[in-house]
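Thanks for asking me to look this one over. Here is the structure, and my notes come after it.

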Amino acid sequence: MLVVVALLLIGLARFVGKKQYAVTQADPAVEAAIAERIAPVAKLAIAGEDNSALVTPDQPAEPEQPVQQAAAPAEGTAGKETYNMACVACHGAGIAGAPKYGDAAVWAPRIAKGMDTLHKHAIEGFHGDAGFMPAKGGRVDLSDQVVMDAVDYMVAGSK
Ligand code: HEC
């Protein structure tokens with residue numbers, strides 16, 4: 001019984017295979033599509049020979065994408081955004097000796113050093129008595145300007 005079933009399956013497979021082969025042979029479009037699919041990725045150009053068949057047609061020019069200009073944060077919010085992204089982790093709660101946002105007492109002596117110094121320390125990093133302030137809060141990808149904005153924001157909120 002099993003032998004009969006096996007033979008039937010073999011017969012069916014051959015029949016289906018032949019049918020499919022016939023279909024692909026009959027249709028040049030299918031043939032072309034297959035040839036394209038199995039074509040080697042790389043082609044070899046030989047110096048001195050006619051290599052015109054290898055020339056790839058010019059790609060249609062990419063349509064000019066309108067440059068999406070990121071909207072500049074509104075005045076006063078730039079520093080806040082940076083603060084919330086890169087500084088709040090330490091300065092929000094005063095972690096590891098960081099002067100806490102809004103704590104006027106701890107900020108007063110720092111503010112007395114002058115904004116230029118605070119900007120510089122925020123950008124380049126600062127190792128004081130209280131702890132270690134990493135350069136740009138560890139976000140070295142930030143521009144100097146947004147770090148300075150964040151300092152301004154912190155200072156303004158801590159007077
Ligand atoms: C990993 C924790 C940490 C992060 C994140 C961090 N700070 Fe600080 N920051 C500190 C510590 C600690 C100090 C205090 C250093 C000291 O005085 O010893 C400090 C001090 C400062 C000071 C005062 C420097 C001075 O001269 O007194 C400024 C300004 C400052 N940070 C700005 C920033 C800004 C802006 C960011 C975000 C871009 C930021 N910090 C992110 C830990 C951090």
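The points below go from the whole chain to the ligand and then to a surface patch.

1. Please keep in mind that this is a predicted model. The chain has 6 helices and 2 strands. Read from the N terminus, the order of elements is α-α-α-α-α-β-β-α.

2. On burial and surface: of the 159 residues in the chain, 16% are buried. The accessible surface is about 12,200 Å², and carbon and sulfur atoms hold 62% of that area.

3. You may like the contact statistics too. Among contacts in the chain with a separation of 6 or more, 48% join residues 24 or more positions apart.

4. Now to the ligand, which is surrounded by 28 residues. Cys87, Cys90, His91, His121 and Met133 are the closest of them.

5. Which ligand atom does the polar side-chain atom of His91 lie 2.7 Å from? It is a nitrogen atom of the ligand. The backbone takes part in polar contacts as well: a backbone N or O atom of Gly131 sits 2.7 Å from an oxygen atom of the ligand, and a polar backbone atom of Ala130 is 3.0 Å from a ligand oxygen atom.

6. Finally, have a look at the nonpolar surface patch of about 640 Å², made by Met1, Val5, Leu9, Leu12, Phe15 and Val16. Val16 belongs to helix α1, which covers residues 2–26. Is Val16 buried, partly exposed or exposed? Its relative accessibility is 39%, so Val16 counts as partly exposed; the class runs between the buried limit of under 20% and the exposed limit of over 50%.

Conventions: Residues are numbered from 1 along each chain as its sequence is written. This is a predicted model: local features need pLDDT of at least 70, side-chain atom pairs count only at pLDDT 80 or more; totals for chains, interfaces and linings use all residues. Side-chain values use heavy atoms; hydrogens and water are left out. Patches are made of residues with over 30% relative accessible area and no salt bridge: like charges are joined within 9 Å, nonpolar side chains (Val, Leu, Ile, Met, Phe, Trp, Tyr) within 5 Å. Accessible areas come from the Shrake-Rupley method with a 1.4 Å probe; for residues, only the protein chains shown count as cover. A salt bridge is a side-chain nitrogen of Lys or Arg within 4 Å of a carboxyl oxygen of Asp or Glu. Helices (H or I, at least four residues) and strands (E, at least two) are DSSP runs, numbered from the N terminus. Buried means under 20% relative accessible area, exposed over 50%, partly exposed in between (1.4 Å probe, protein chains only). A residue is near a molecule or strand if one of its heavy atoms lies within 4 Å of it. A polar contact is a pair of N or O atoms within 3.5 Å; within protein, one must be able to donate a hydrogen and the other to accept it, and residues adjacent in sequence count only if both atoms are side-chain atoms. Contact means heavy atoms within 4.5 Å.
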